[in-house]
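Here is a quick tour for anyone meeting this structure for the first time. Have a look around, then read on.

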Amino acid sequence: EATSASSPLANEPSIDVDDLEEFALRPAPQGVTVKCRITRDKKGMDRGMYPTYYLHLEREDGKKVFLLAGRKRKKSKTSNYLISIDPTDLSRGGESFIGKLRSNLMGTKFTVYDSGINPVKSTSSLETGNLRQELAAICYETNVLGFKGPRKMSVIIPGMNMDHERVSIRPRNDHESLLARWQNKSTESVIELHNKTPVWNDDTQSYVLNFHGRVTQASVKNFQIIHDNDQDVFTMDYNYPMCALQAFAIALSSFDSKLACE
């Protein structure tokens, strides 16, 4: 869930983030809502066009712990965000590179990858285990109620095995991708999520969702994902089986301008 907000933090059990890379890819503990905050930095050269997004964990003592940073790449034909565990190093070749979010030409379909190798660029001698994993796919549909209506989105993530570990999905070509599986209705070992449809409120003449105190400002960028305006601070809460990298990348996709969805 990504939401514009500025609300107090509820009590939550402490979450271990000593190893940032491991934490970012680890599913949230079952039964726990991981409460985070995204800050959008538009200051400095190019930041207006290419802002940097910082993800922090909100601790129950009020302290914030840095988790991830993301920024759109320049000179890329499609929207392409690099995600790093170092707030000062957002380069593709850096050791802190942990994943990326890439869109189609229309900006309506996105795929989230880890830092593995692109199969197109790999050699046959390479182990399959080094190929990149697809961690999520996000599809935005044209608004059903015209351009003013709420967004409709579907999220596809790898499923979990019996040991509560994420199923590894390492496509060798486009036919094996999460998007292709979803479009072909081949959804074995994947989980399909949808955003909760806002309800029209006659009193406020607007679409509303109940964010249970976590949201205080209306925004088209507010959404809740469930199983079947220019604010610069956003809350981002996620639950099992999602991990921080999946949730952050899904939130980044919602900030991106989509021709068919605004």
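## The chain at a glance

Accessible areas here come from the Shrake-Rupley method with a 1.4 Å probe. On that basis, the accessible surface of the chain comes to about 13,700 Å², and carbon and sulfur atoms account for 49% of that surface. What you're looking at is a predicted model, so keep in mind that its confidence varies along the chain.

The chain has 262 residues, and 49% of them count as buried. As for secondary structure, you'll find 3 helices and 14 strands.

## How far to trust it

Mean pLDDT for the chain is 79, with 70% of the residues at 70 or more. Strand E7 is where confidence is highest, at 95. At the other end of the scale sits strand E1 (residues 2–4), where confidence is lowest, at a mean of 48.

Residues 3–12 call for some care: pLDDT stays under 50 there. The model does give this stretch 41 contacts beyond four places in sequence. Still, where pLDDT is low, the predicted coordinates should not be read in detail.

## Rings that meet

How many aromatic pairs does the structure hold? There are 3. One of them is Tyr53 with Phe255, a stacked pair at 4.8 Å centre to centre, with 10° between the planes. Both Tyr53 and Phe255 are buried. Add Phe234 and you have an aromatic cluster made up of Tyr53, Phe234 and Phe255.

Another pair, Phe110 and Tyr140, is edge-to-face: the centres are 6.0 Å apart and the planes are at 80°. Phe110 belongs to strand E7 (residues 109–114) and Tyr140 to strand E8 (residues 134–141), so this pair ties together parts that are 30 residues apart in sequence. Buried or exposed, what is Phe110? With a relative accessible area of 0%, Phe110 is buried. Tyr140 counts as buried too, at 4% relative accessibility.

There is also a charged side chain to look for beside a ring. Arg132 lies over the face of Tyr113, at 3.8 Å from the ring centre.

## A look at the cysteines

If you're hunting for disulfides, the tally is 0. A disulfide is a covalent bond between the sulfur atoms of two cysteines. Cys36 is a buried cysteine, with a relative accessible area of 0%. Cys139 counts as buried as well, because its relative accessibility is 3%, under the 20% cut-off.

## Two residues of strand E5

Strand E5 (residues 80–84) includes Asn80. This asparagine is buried, with a relative accessible area of 6%. Leaving out residues up to four places away in sequence, Asn80 touches Arg71, Lys72, Arg73, Lys100, Leu101 and Arg102.

Leu82 is in strand E5 too, and Leu82 is buried with a relative accessible area of 6%. Which residues does Leu82 touch, not counting residues up to four places away in sequence? Among them are Ala69, Gly70, Arg71 and Arg73, and also Leu90, Phe97, Gly99 and Lys100. Try comparing the two lists: Arg71 turns up among the contacts of Asn80 and among those of Leu82. Finally, find Ile98: Leu82 and Ile98 are 16 residues apart in sequence, and 8.1 Å separates them in space, C-alpha to C-alpha.

Technical notes: Residues numbered from 1 in each chain as written. Heavy atoms only, no water. Phe/Tyr/Trp six-rings, centres within 6.5 Å; stacked < 30°, edge-to-face > 60°. Buried < 20%, exposed > 50% of the residue type's maximum accessible area, 1.4 Å probe, protein only. Helix = DSSP H or I, 4+ residues; strand = E, 2+ residues; numbered from the N terminus. Lys NZ or Arg CZ within 6 Å of the ring centre and 35° of its normal. pLDDT = per-residue confidence, 0-100. Contact = heavy atoms within 4.5 Å. Disulfide = S-S within 2.5 Å.
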